[in-house]
Amino acid sequence: MPIPELVYSDPNVRVYVRGLRETVRALEQAGASAQDMKSVFERAGTVVLRATKVPERTGKLARSLRITKSKNRSSIRAGGARVPYASANHFGRYFPTTGTRLEGTFFLRNAIRAKRGQVLHIIVDGLEKLFKKYDLGKPPIRITGYTPQR
């Protein structure tokens with residue numbers, strides 16, 4: 001299924017995908033393993049993870065980035081017990097005692113916006129390959145619209 005390139009020309013665009021739940025359900029009923037579906041979303045998450053430009057001081061924050069995957073989504077997590085400043089680095093921080101604010105770097109958001117088109121191509125192509133593998137025809141997934149983000 002070709003995805004129109006025009007949808008991804010603006011970095012301030014949110015794309016809506018419909019039919020992902022039905023696609024995953026059809027694959028499950030056909031006998032597809034959850035690992036097959038997870039690998040599609042892992043590939044998509046890896047693209048974003050590689051595009052992430054984390055500010056490096058000691059390298060702990062960059063090493064704390066990891067992908068969590070399931071059969072219908074992929075997430076990138078940063079931080080942990082040894083890197084509690086990950087969210088403050090990403091979103092910024094306000095110090096009420098002094099009234100100062102540290103600006104955030106938004107390293108994950110910028111990577112997601114930069115690779116949105118490529119990620120959607122990977123997901124749609126991967127699910128189409130799984131549908132071909134299990135002789136299910138075309139997946140019911142489609143890009144239905146987009147709205148500008150503010």
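Q: Let's start with one residue. Where does Lys-115 sit?
A: Lys-115 is placed in helix α5. Keep in mind as we go that this is a predicted model.

Q: Is Lys-115 buried, partly exposed or exposed?
A: The general idea is to look at relative accessible area: under 20% is buried, over 50% is exposed, and anything in between is partly exposed. Lys-115 has 26% relative accessibility, so it counts as partly exposed.

Q: Which residues does Lys-115 touch, not counting those up to four places away in sequence?
A: Lys-115 touches Val-47, Val-48 and Ala-51. You can also compare positions in sequence with positions in space: Lys-115 and Ala-44 are 71 residues apart along the chain, and their C-alpha atoms are separated by 9.3 Å.

Q: How many helices and strands does the whole chain have?
A: The protein chain has five helices and six strands. Following the sequence from its start, you meet them in the pattern β-α-α-α-β-β-α-β-β-α-β.

Q: What share of the 150 residues counts as buried?
A: For this chain, 31% of the 150 residues are buried. The accessible surface is about 9900 Å², and carbon and sulfur atoms hold 50% of that surface.

Q: What share of the contacts comes from residues 24 or more positions apart?
A: Take the contacts with a separation of 6 or more: residues 24 or more positions apart account for 65% of them.

Q: How confident is the predictor along the chain, as given by pLDDT?
A: The average pLDDT is 82, and 82% of the residues score at least 70. Residues 1-14 need some care when you read them, as their pLDDT stays under 50. For that stretch the model has 33 contacts beyond four places in sequence.

Q: Let's look at a helix. Which residues of α1 are buried?
A: Helix α1 covers residues 20-30, and its buried residues are Thr-23, Val-24 and Leu-27. Looking down the axis of α1, you find these buried residues within an arc of 95°, so they line one face of the helix. Arg-21 and Gln-29, on the other side of α1, are exposed.

Q: What do the buried residues of α1 pack against?
A: They pack against α2, residues 34-51, and α5, residues 107-133. Thr-23 makes a good example from helix α1. Its relative accessible area is 0%, so Thr-23 is buried. Leaving aside neighbours within four places in sequence, Thr-23 is in contact with Leu-127, Phe-131, Pro-139, Pro-140 and Ile-141.

Q: How do I read a pair of strands, such as β2 and β3?
A: Check the direction of the strands and the bridges that join them. Here β2, residues 66-69, and β3, residues 74-77, run antiparallel and are joined by four bridges. One pair to find is Lys-69 with its bridge partner in β3, Ser-74. A hairpin of four residues connects β2 to β3.

Q: What about loops? Where is Ser-64?
A: Ser-64 is in the loop between α3, residues 60-63, and β2. Ser-64 is buried, as its relative accessible area is 10%.

Q: Which backbone atoms does the side chain of Ser-64 reach?
A: The Ser-64 side chain reaches the backbone oxygen of Leu-61 at 2.8 Å. A polar atom of that side chain also lies 3.0 Å from the backbone nitrogen of Gly-79. Beyond its neighbours within four places in sequence, Ser-64 is in contact with Arg-77, Ala-78, Gly-79 and Val-83.

Q: What should I know about phi angles?
A: Most residues other than glycine have a negative phi. A positive value in such a residue is therefore something to look out for. Phe-106 is one case, with a phi near 50°. Phe-106 lies in the loop between β5, residues 100-103, and α5, and with a relative accessible area of 22% it is partly exposed.

Q: Where is Asp-135, and is it buried or exposed?
A: Asp-135 is in the loop between α5 and β6, residues 142-148. At 70% relative accessibility, Asp-135 counts as exposed. Asp-135 also has a positive phi, about 50°, although it is not a glycine.

Q: And what is the phi of Gly-31?
A: Gly-31 comes just after α1 and takes a positive phi of about 100°.

Conventions
Residues numbered from 1 in each chain as written. Predicted model: local features only at pLDDT ≥ 70, side-chain atom pairs only at ≥ 80, totals over all residues. Heavy atoms only, no water. Pairing = 2+ DSSP bridges. Helix = DSSP H or I, 4+ residues; strand = E, 2+ residues; numbered from the N terminus. Buried < 20%, exposed > 50% of the residue type's maximum accessible area, 1.4 Å probe, protein only. Contact = heavy atoms within 4.5 Å. Areas by Shrake-Rupley, 256 points an atom, 1.4 Å probe, with all protein chains shown as cover. pLDDT = per-residue confidence, 0-100. Arc of directions from axis to C-beta. Polar contact = N/O pair within 3.5 Å; in protein donor to acceptor, adjacent residues only side chain to side chain.
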